[in-house]
Amino acid sequence: MTVEKCIVVEGRADFLKIVPIFKEEVAIICTRGTISEEALIELVEPYEDCELFTLFDADDSGGKLRKLMNRVYSEATHLYIPKTYIEVEKTPRKILANILKAAKFEIHEQYLV
């Protein structure tokens, strides 16, 4: 089965928070925080044929990564968590599931209740 969607997150905790939500196969790439343009290209290049998404924290670090993604991969769709949670890993799965469902990801229904 070919992966059609790829989502870029900041760290391992973000990965662990969202991975069980997906009902479909999705490539999840962790930047591990601050990253150079070259390192980002190296991480994302194998998935350039996929539909690209980002899910970053609502803080300065997340904002910098979003700007970098815009510069390098302007076609990426940016998903946003409510600013009240600040970090993806602190956002309840129910909220994340609704964000991902709105972006047309197939998700496990149990996370919507």
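Colleague: What makes strand 3 and strand 4 a pair?

Modeller: In this predicted model, four bridges join strand 3 to strand 4, in the parallel sense. Pairing needs at least two bridges, so the four found here qualify strand 3 and strand 4 as paired. One of the bridge partners is easy to look up: Leu 79 of strand 4 goes with Leu 55.

Colleague: And how do you know that strand 1 and strand 3 pair?

Modeller: By the count of bridges again. Strand 1 (residues 5-9) and strand 3 (residues 51-56) share five bridges and run in the parallel sense. At least two are required, therefore these five bridges are enough for a pair. Along strand 3 you can follow the partners: Leu 52 is opposite Cys 6, Thr 54 is opposite Val 8, and Leu 55 is opposite Val 9.

Colleague: How many bridges join strand 1 to strand 2?

Modeller: Four bridges, and strand 1 and strand 2 run parallel. Val 8 is worth a look here, with Ile 29 opposite it in strand 2 and Thr 54 opposite it in strand 3.

Colleague: What is the order of the strands in the open sheet?

Modeller: The order is 2-1-3-4, with four strands and parallel pairing. Strand 2 and strand 4 (77-80) are the edge strands, as each of them pairs on one side only. On average, neighbouring strands of the sheet are turned by 25 degrees against each other, ignoring direction. Helix 3 (residues 60-72) packs on this sheet, where it touches strand 1, strand 3 and strand 4, and its direction makes about 165 degrees with that of strand 3. An angle over 145 counts as roughly antiparallel, so helix 3 is roughly antiparallel to strand 3.

Colleague: Helix 2 also meets helix 3. Why is helix 2 called roughly perpendicular to helix 3?

Modeller: The axes of helix 2 (residues 37-44) and helix 3 cross at roughly 70 degrees and come within 11 Å. The range for roughly perpendicular is 65 to 115 degrees, so helix 2 falls under that term relative to helix 3. The crossing of helix 2 past helix 3 is right-handed. Glu 37, Leu 40 and Ile 41 make the contact from helix 2, meeting Leu 68, Met 69, Arg 71 and Val 72 of helix 3.

Colleague: What makes strand 1 mostly covered?

Modeller: Five of the five residues of strand 1 are buried, and buried stands for a relative accessible area under 20%. Both faces are covered, with Lys 5, Ile 7 and Val 9 buried on one side and Cys 6 and Val 8 on the other. Strand 3 is mostly covered as well, with five of its six residues buried.

Colleague: How do you know that Leu 100 is buried?

Modeller: The relative accessible area of Leu 100 is 0%, and the limit is under 20%, so Leu 100 counts as buried. Leu 100 belongs to helix 4 (residues 93-102). Beyond four places in sequence, its contacts are Ile 7, Ile 21, Phe 22, Leu 79, Phe 105 and Ile 107. Ile 18 is 82 residues away along the chain, with 9.3 Å between its C-alpha atom and that of Leu 100.

Colleague: Why does Leu 16 count as partly exposed?

Modeller: Leu 16, in helix 1, has a relative accessibility of 40%. That value lies between the 20% and 50% limits, so Leu 16 is called partly exposed.

Colleague: What makes Ile 86 stand out in its phi?

Modeller: Ile 86 has a positive phi of about 60 degrees and is not a glycine. Most residues other than glycine have a negative phi. Ile 86 sits in the loop between strand 4 and helix 4, and its 41% relative accessibility makes it partly exposed. Lys 104 also has a positive phi, near 75 degrees, without being glycine.

Colleague: Why does Lys 104 count as exposed?

Modeller: Its relative accessibility is 66% and the threshold is over 50%, so Lys 104 is classed as exposed. Lys 104 is in the segment after helix 4.

Colleague: Which residues does Glu 24 touch?

Modeller: Leaving out residues up to four places away, Glu 24 touches Lys 5, Lys 104, Phe 105 and Glu 106. Glu 24 is in the loop between helix 1 (12-18) and strand 2 (27-30). A polar atom of its side chain lies 2.6 Å from the backbone nitrogen of Glu 106.

Definitions and conventions: Residues are numbered from 1 along each chain as its sequence is written. This is a predicted model: local features need pLDDT of at least 70, side-chain atom pairs count only at pLDDT 80 or more; totals for chains, interfaces and linings use all residues. Side-chain values use heavy atoms; hydrogens and water are left out. Buried means under 20% relative accessible area, exposed over 50%, partly exposed in between (1.4 Å probe, protein chains only). Contact means heavy atoms within 4.5 Å. A polar contact is a pair of N or O atoms within 3.5 Å; within protein, one must be able to donate a hydrogen and the other to accept it, and residues adjacent in sequence count only if both atoms are side-chain atoms. Axes are lines fitted to C-alpha atoms, for helices over the stretch in contact, and angles run from 0 to 180 degrees between N-to-C directions. Angles under 35 degrees count as roughly parallel, over 145 as roughly antiparallel, 65 to 115 as roughly perpendicular and the rest as oblique. A crossing is left-handed if the near helix is turned anticlockwise from the far one by less than a right angle, and right-handed if clockwise.
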